[in-house]
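Me: I would like to learn how to read the contact between two domains of one chain. Could you take me through it step by step?

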Protein chains: 2
Amino acid sequence: LYLTETEIKKIINMELALNSVEEAFQLIALGDAVTKPRERLPVGSSSLNYMSAGIDKQNLTGLKVYVPSKNGTKFYFHIMNALNGEMIAIMEANALGQFRTGAASGVASKYLAKKDSKKVLLIGTGYQAYTQALALDRVFELDEIYVYSRAEENRMNFINNYSSAMKSKLTPVADIESNVNNIDIISVITNSKTPVINSEIIESGVHINAAGSNHSLRRELDTKTILKADKIFVDDIDQAKMECGDLIYPESLGLIQWRNIINFSDVLKFPDRFKRNFKDITIFESQGLALWDLVTAINVCEIAKTKGIGEKINA
Amino acid sequence: LYLTETEIKKIINMELALNSVEEAFQLIALGDAVTKPRERLPVGSSSLNYMSAGIDKQNLTGLKVYVPSKNGTKFYFHIMNALNGEMIAIMEANALGQFRTGAASGVASKYLAKKDSKKVLLIGTGYQAYTQALALDRVFELDEIYVYSRAEENRMNFINNYSSAMKSKLTPVADIESNVNNIDIISVITNSKTPVINSEIIESGVHINAAGSNHSLRRELDTKTILKADKIFVDDIDQAKMECGDLIYPESLGLIQWRNIINFSDVLKFPDRFKRNFKDITIFESQGLALWDLVTAINVCEIAKTKGIGEKINA
């Protein structure tokens with residue numbers, strides 16, 4: 001089965017993505033799934049990137065593959081049968097990736113942020129920002145999402161494009177430091193090389209999703225913010241050690257230790273152990289797991305088959 | 001472009017494969033290509049396997065992916081554009097893999113074995129054996145290929161199936177130790193867990209291709225054979241350290257050192273340095289490089305496009 005972006009966009013929605021990513025974390029918590037960090041093979045001026053995952057009981061395995069490109073990266077995802085080795089589906093996976101990345105911040109916030117969170121600050125209005133906002137809009141009964149981007153044009157475009165899709169009110173902010181108070185959740189989704197959040201804006205009780213970086217040389221949160229956090233969660237500790245610049249940098253200075261960083265799946269495994277204290281500052285560092293893609297892709301494919309969507313290859 | 005096994009079998013031949021694998025080694029020697037060892041992700045009772053390669057100047061990159069299965073593994077190969085990230089081709093890659101594996105032993109033997117080699121001993125008659133024999137049949141003016149397999153039925157089937165495709169005479173042998181003399185090249189292509197070659201049959205001047213194993217726990221050559229060799233070559237030293245049981249085992253005992261193992265591409269880089277002494281015993285340990293697949297796949301695709309073979313996906 002071959003599924004194009006257009007076909008997948010007809011099927012995918014945030015509810016499906018949120019359920020899929022939560023299912024993925026549950027599978028990790030149960031020990032029934034495996035996910036392998038991204039590999040990068042440098043070629044010419046770019047690189048081939050790939051990451052994989054598998055689900056034991058379903059005997060399904062998947063591989064995400066892409067070459068980052070300044071003119072728009074194209075992601076592909078493959079689902080394979082782990083019993084007989086058959087290729088089940090080849091999917092164009094840009095929307096898939098956007099929805100699962102947003103959903104991951106949504107699921108993390110559902111478990112880590114205040115249950116009655118009302119105010120969100122979104123930092124970044126690029127390729128991945130919409131699904132970050134949408135996930136929180138669906139998980140919580142929000143009042144307002146403040147939208148920050150350095151360029152006013154980007155802020156306004158974002159609000160014009162996406163206001164109608166949200167239950168929450170979208171409000172542009174020109175300056176994070178002075179214009180925003182009583183934020184419950186901050187989602188940072190940038191491709192910054194230097195930290196975009198200044199620790200001084202971080203108030204007690206806030207939960208932060210840092211979802212923009214997946215490279216050790218990129219950072220979104222400054223060291224003071226990392227040190228201010230009461231608990232820091234990652235999607236996968238092995239991948240974080242390779243890719244999470246926000247943590248790799250302070251760890252290299254001896255300011256934090258990997259043994260104090262928590263795999264988010266442990267929150268599902270031991271729900272009582274990680275209950276939020278009201279004033280806790282929590283951080284979810286999201287590098288992105290191939291298992292999120294795999295579970296979401298499986299669920300998308302089921303619907304595609306039911307609806308007869310997609311092209312059969314070599315039929 | 002999607003190419004099936006049937007379509008690829010119409011295009012591929014040993015000459016194309018030999019040229020492709022030699023081109024691949026030349027690219028490594030020139031520093032113009034990169035190849036990354038196999039990764040294995042355990043899923044259920046099997047695993048997802050993948051390995052990648054790239055060619056800088058052509059801006060092409062490729063990924064081989066498969067799930068080993070007792071009922072017949074299906075290999076897939078993807079070619080991607082490393083500039084814009086477009087998927088160029090998805091190919092069913094069993095024949096591709098068989099031809100490039102055979103061709104690698106052919107190319108290694110061309111440079112490492114005696115130029116006037118006349119007698120070959122083929123050990124193993126399974127899935128990969130035919131192309132091992134065919135490659136040597138094409139590279140040398142052989143008199144005879146002795147074919148050994150434990151089961152008489154397998155030996156005879158191999159000879160009945162493939163005699164007509166070879167210039168050389170195929171002769172079954174029931175017993176390696178006593179029936180075979182003056183062998184110039186031995187190709188071992190088994191999936192044995194314990195060594196199949198006994199060092200006593202190894203005479204001076206022989207070149208050995210050990211191409212069957214790609215797992216650290218599998219061995220084809222016993223330690224005495226390894227120690228008897230004057231020079232040992234590998235397709236890629238990084239991959240050999242992970243997968244080459246024939247070398248990993250004696251190295252773990254301190255009997256050999258990795259620094260004495262030679263990357264085969266160095267033979268193309270420094271042709272004078274590795275000239276054969278007449279009585280040398282040489283070994284080529286072949287784990288299999290994704291770059292062989294990539295160059296061969298590119299050459300197959302060129303022909304497919306010219307001939308209008310293959311299915312266009314999402315056209």
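Reply: We will go from the division into domains to the area between them and then to the residues involved, bearing in mind that this is a predicted model.

Me: Into which domains is chain A divided, and how many residues does each give to the contact?

Reply: Chain A is divided into domain 1, made up of 2-97 and 291-307, and domain 2, which covers 105-288. Their centres, taken over C-alpha atoms, are separated by 23 Å, and the contact takes 20 residues from domain 1 of chain A and 27 residues from domain 2 of chain A.

Me: How is the size of such an interface expressed, and which three residues of domain 1 of chain A supply more of its buried area than any other three?

Reply: The size of an interface is often given as the accessible area that is lost when the parts come together. Here domain 1 and domain 2 of chain A bury about 1,900 Å² between them, with 62% of that on carbon and sulfur atoms. A:Met14, A:Phe25 and A:Arg38 supply 29% of the area that domain 1 of chain A buries against domain 2 of chain A, more than any other three residues.

Me: How many salt bridges are there between domain 1 and domain 2 of chain A?

Reply: The count is four salt bridges between domain 1 and domain 2 of chain A, and, with both residues at pLDDT 80 or more, six residue pairs are in polar contact. The side chains of A:Arg38 and A:Glu243 meet in a salt bridge at 2.8 Å, N to O.

Me: Which element gives the most to the side of domain 1 of chain A that touches domain 2 of chain A?

Reply: Helix H2 (14-30), strand E2 (33-43) and helix H3 (94-112) of chain A each give two or more residues to that side of domain 1, and H2(A) gives the most, with nine residues. By class, this side of domain 1 of chain A has 11 nonpolar, four polar and five charged residues.

Technical notes:
Residues are numbered from 1 along each chain as its sequence is written. Chains are lettered from A and ligands numbered from 1 in the order in which they are written. This is a predicted model: local features need pLDDT of at least 70, side-chain atom pairs count only at pLDDT 80 or more; totals for chains, interfaces and linings use all residues. Side-chain values use heavy atoms; hydrogens and water are left out. Domain bounds come from an automatic or database domain assignment. Contact means heavy atoms within 4.5 Å. Buried area is the accessible area (1.4 Å probe) that two parts lose on being put together, summed over both. A polar contact is a pair of N or O atoms within 3.5 Å; within protein, one must be able to donate a hydrogen and the other to accept it, and residues adjacent in sequence count only if both atoms are side-chain atoms. Helices (H or I, at least four residues) and strands (E, at least two) are DSSP runs, numbered from the N terminus. Ala, Val, Leu, Ile, Met, Phe, Trp, Tyr, Cys and Pro count as nonpolar, Asp, Glu, Lys and Arg as charged, and the others, Gly among them, as polar.
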